[in-house]
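Dear colleague,

I am handing over the structure we spoke about, with the sequence and the coordinates placed just below. My notes on what was found in it follow.

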Amino acid sequence: MQKTEIRTADAPTPVAAFSQGVRKGPILQVAGQVAFDPATGAVVGDTVAEQTRQALRNVVAVLNAGGASLADVVMIRVYLTDTAHFAEMNAVYDEFVTETPFPARTTVYVGLPAKLLVEIDALAVLD
């Protein structure tokens, strides 16, 4: 099985040596996505809700480019900079992740570059 890079103009171009996503067989790993606008590279939004919405749009764009959707996701990892942001992030997450069974999810609190409040990655398995 060959490893294939997933790349789309609908998600931000990586600023370091990593792919937006990688697929090997039925496994698709989406790299951590933040609230960058794919067209401008600017951070979208000042609130965790706005940034979560953009990060999830970017995740969905990479999934789609790899032939998947949120329905194929088995694991999502959310990285937040502040524990106080959990409820706001979760409300936006619930707008996107609506199909059961829901993916497994881990939320971790970390430091991110300036102005960034959330980062999200996803692991999908395709039939």
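A nonpolar patch of about 200 Å² is made on the surface by Ile-27, Val-74 and Val-125. Please keep in mind, here and in everything below, that this is a predicted model. Of the residues in the patch, Ile-27 belongs to strand 3, and with a relative accessibility of 37% Ile-27 counts as partly exposed, because the exposed class begins only over 50% and the buried class lies under 20%.

Strand 3, which covers residues 27-33, also matters for the largest pocket, since this strand gives the most to the pocket's lining, with 3 residues. The space in the largest pocket comes to about 220 Å³. Its lining is made up of 16 residues, and those closest to the centre of the pocket are Val-15, Phe-18, Gly-32, Val-34 and Phe-36. As for the character of the lining, 10 of its residues are nonpolar, 5 are polar and 1 is charged.

Turning to charged pairs, how many salt bridges does the count come to? The count comes to 3 salt bridges, and I take them one by one.

In one of them, Arg-7 pairs with Glu-5, and their closest N and O atoms are 2.7 Å apart. Arg-7 is exposed, because its relative accessible area of 54% is over the 50% cut-off, whereas Glu-5, at 40%, is partly exposed.

Another salt bridge brings together the side chains of Glu-95 and Arg-53, with 2.9 Å from N to O. This pair links distant parts of the chain, for Glu-95 sits in helix 2 (residues 86-96) and Arg-53 in helix 1 (residues 48-65), and the two residues are 42 residues apart. Glu-95 has a relative accessibility of 47% and counts as partly exposed, and Arg-53, with 23%, also counts as partly exposed.

The salt bridge that remains to be described is formed by Asp-121 with Arg-77, whose closest N and O atoms are 2.9 Å apart. Asp-121 lies in strand 6 (residues 118-125) and Arg-77 in strand 4 (residues 73-80), so this pair ties together parts of the chain that are 44 residues apart in sequence. Is Asp-121 buried or exposed? With a relative accessibility of 8%, Asp-121 counts as buried, because this value is under the 20% cut-off, while its partner Arg-77, at 23%, counts as partly exposed.

Two points of backbone geometry may also deserve your attention when you look at the model. Most peptide bonds are trans, and most residues other than glycine have a negative phi. Against that background, the bond that joins Thr-100 and Pro-101 is a cis peptide bond, with omega at about 0°. Pro-101 is found in the loop between helix 2 and strand 5, the strand that spans 104-109.

The other point concerns Lys-115, a residue other than glycine whose phi is positive, near 75°. Lys-115 lies in the loop between strand 5 and strand 6, and with a relative accessible area of 68% Lys-115 is exposed, because that value is over 50%.

With best regards

Notes:
Residues are numbered from 1 along each chain as its sequence is written. This is a predicted model: local features need pLDDT of at least 70, side-chain atom pairs count only at pLDDT 80 or more; totals for chains, interfaces and linings use all residues. Side-chain values use heavy atoms; hydrogens and water are left out. On a 1 Å grid over the protein atoms alone, a cavity is a set of points where a 1.4 Å probe fits but cannot get out, and a pocket is an open set with protein on both sides within 12 Å along at least five of seven lines; lining residues have an atom within 4 Å of a point. Grid points are joined across faces, edges and corners, and a volume is the space filled by probe spheres set on the points. Helices (H or I, at least four residues) and strands (E, at least two) are DSSP runs, numbered from the N terminus. Ala, Val, Leu, Ile, Met, Phe, Trp, Tyr, Cys and Pro count as nonpolar, Asp, Glu, Lys and Arg as charged, and the others, Gly among them, as polar. Patches are made of residues with over 30% relative accessible area and no salt bridge: like charges are joined within 9 Å, nonpolar side chains (Val, Leu, Ile, Met, Phe, Trp, Tyr) within 5 Å. Accessible areas come from the Shrake-Rupley method with a 1.4 Å probe; for residues, only the protein chains shown count as cover. A salt bridge is a side-chain nitrogen of Lys or Arg within 4 Å of a carboxyl oxygen of Asp or Glu. Buried means under 20% relative accessible area, exposed over 50%, partly exposed in between (1.4 Å probe, protein chains only).
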